[in-house]
Amino acid sequence: MKVKDITLIGLLAAVLLILQVALGPFPNIEVVSLLVIVYAMVFGKRVFYILAVFAVLEGLIYGFGIWWIMYLYVWPLLAVITLLLNKAESVWIWAVISGGFGLAFGALCAIPYAVGGGLAAGISWWISGIPFDVIHGVSNFILVLILLKPLKKLLGRLKVQIYRG
């Protein structure tokens with residue numbers, strides 16, 4: 001890996017963290033999903049390095065509790081979905097994917113609680129968060145509709161400038 005790759009990975013992970021913390025007061029309104037999609041579209045498999053750094057930073061700030069385990073698979077899952085469907089060009093398709101991901105987020109995040117505390121614990125954790133999942137899904141849908149194309153274009157330009165020479 002080159003120095004410019006390491007720098008880019010650190011910078012993009014920091015952007016994820018800063019924006020997540022900045023939007024923390026607004027329950028389940030976040031840009032991480034949008035940025036994971038854009039990062040995967042523009043930077044391909046490098047997105048997994050970005051997500052690894054992001055997950056470690058989250059753990060260092062908030063602690064490595066059971067909640068943190070989900071960061072090891074939830075965001076990479078969205079990146080994999082994006083890489084598999086990267087040929088889709090309609091912003092509406094990506095809005096539906098991101099919105100669906102937001103709706104499913106609580107169920108995906110309940111897995112460590114189900115493993116650690118039993119199936120009933122996982123299900124109750126998921127059900128109690130359904131109103132937040134609805135907010136998450138709707139906000140993801142809207143954010144992708146508005147910001148996907150401009151962010152993809154901006155980061156595409158950044159990539160060209162970084163890897164030009």
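**Helix packing and a lone salt bridge**

The structure holds 1 salt bridge, a term that covers a side-chain nitrogen of Lys or Arg within 4 Å of a carboxyl oxygen of Asp or Glu. This is a predicted model, in which local features need pLDDT of at least 70 and side-chain atom pairs count only at pLDDT 80 or more, while totals for chains, interfaces and linings use all residues. Residues are numbered from 1 along each chain as its sequence is written, and side-chain values use heavy atoms, with hydrogens and water left out.

Back to that salt bridge. Asp5 pairs up with Arg46, and the closest N and O atoms are 3.3 Å apart. Asp5 sits in helix α1 (residues 3-22) and Arg46 in the loop between α2 and α3 (47-62), so the pair ties together parts that are 41 residues apart in sequence. Helices here are DSSP runs (H or I, at least four residues), as are strands (E, at least two), and they are numbered from the N terminus. In general, side chains of opposite charge can pair when their charged atoms come close. As for exposure, Asp5 counts as buried at 9% relative accessibility, whereas Arg46 is partly exposed, with a relative accessible area of 25%. The cut-offs are under 20% relative accessible area for buried, over 50% for exposed and anything in between for partly exposed (1.4 Å probe, protein chains only).

Next come the helix pairs. Helix α2 (residues 32-43) and helix α6 (residues 91-109) have axes that come within 10 Å and cross at roughly 130°. Axes are lines fitted to C-alpha atoms, for helices over the stretch in contact, and angles run from 0 to 180 degrees between N-to-C directions. That makes α2 and α6 oblique to each other; angles under 35 degrees count as roughly parallel, over 145 as roughly antiparallel, 65 to 115 as roughly perpendicular and the rest as oblique. Their crossing is right-handed, meaning that the near helix is turned clockwise from the far one by less than a right angle, while anticlockwise would be left-handed. On the α2 side the contact (heavy atoms within 4.5 Å) uses Ser33, Ile37 and Met41, and on the α6 side Trp94, Ser98 and Phe101. Sorted by class, the residues of this α2 and α6 contact come out as 4 nonpolar, 2 polar and no charged. Here Ala, Val, Leu, Ile, Met, Phe, Trp, Tyr, Cys and Pro count as nonpolar, Asp, Glu, Lys and Arg as charged, and the others, Gly among them, as polar.

Ser33 deserves a separate mention. This α2 residue is buried, with a relative accessible area of 0%. Leaving aside residues up to four places away in sequence, Ser33 touches Trp75, Leu78, Ser98, Phe101, His136 and Asn140.

The second pair is α3 with helix α5 (residues 74-84), packed at an angle of about 165° with axes 10 Å apart. α3 and α5 are therefore roughly antiparallel to each other, and this crossing is right-handed. Val47, Phe48, Leu51 and Phe54 of α3 meet Trp75, Pro76, Ala79, Val80 and Leu83 of α5. The α3 and α5 contact has 9 nonpolar residues, with no polar and no charged ones.

Two other residues round things off. Asn28, in the loop between α1 and α2, has a positive phi of about 60° although it is not a glycine. Most residues other than glycine have a negative phi. Asn28 is partly exposed, with a relative accessible area of 26%. Gly117, in helix α7 (residues 111-117), is exposed at 52% relative accessible area. The C-alpha atoms of Gly117 and Gly59 are separated by 21 Å, with their positions 58 residues apart along the chain.
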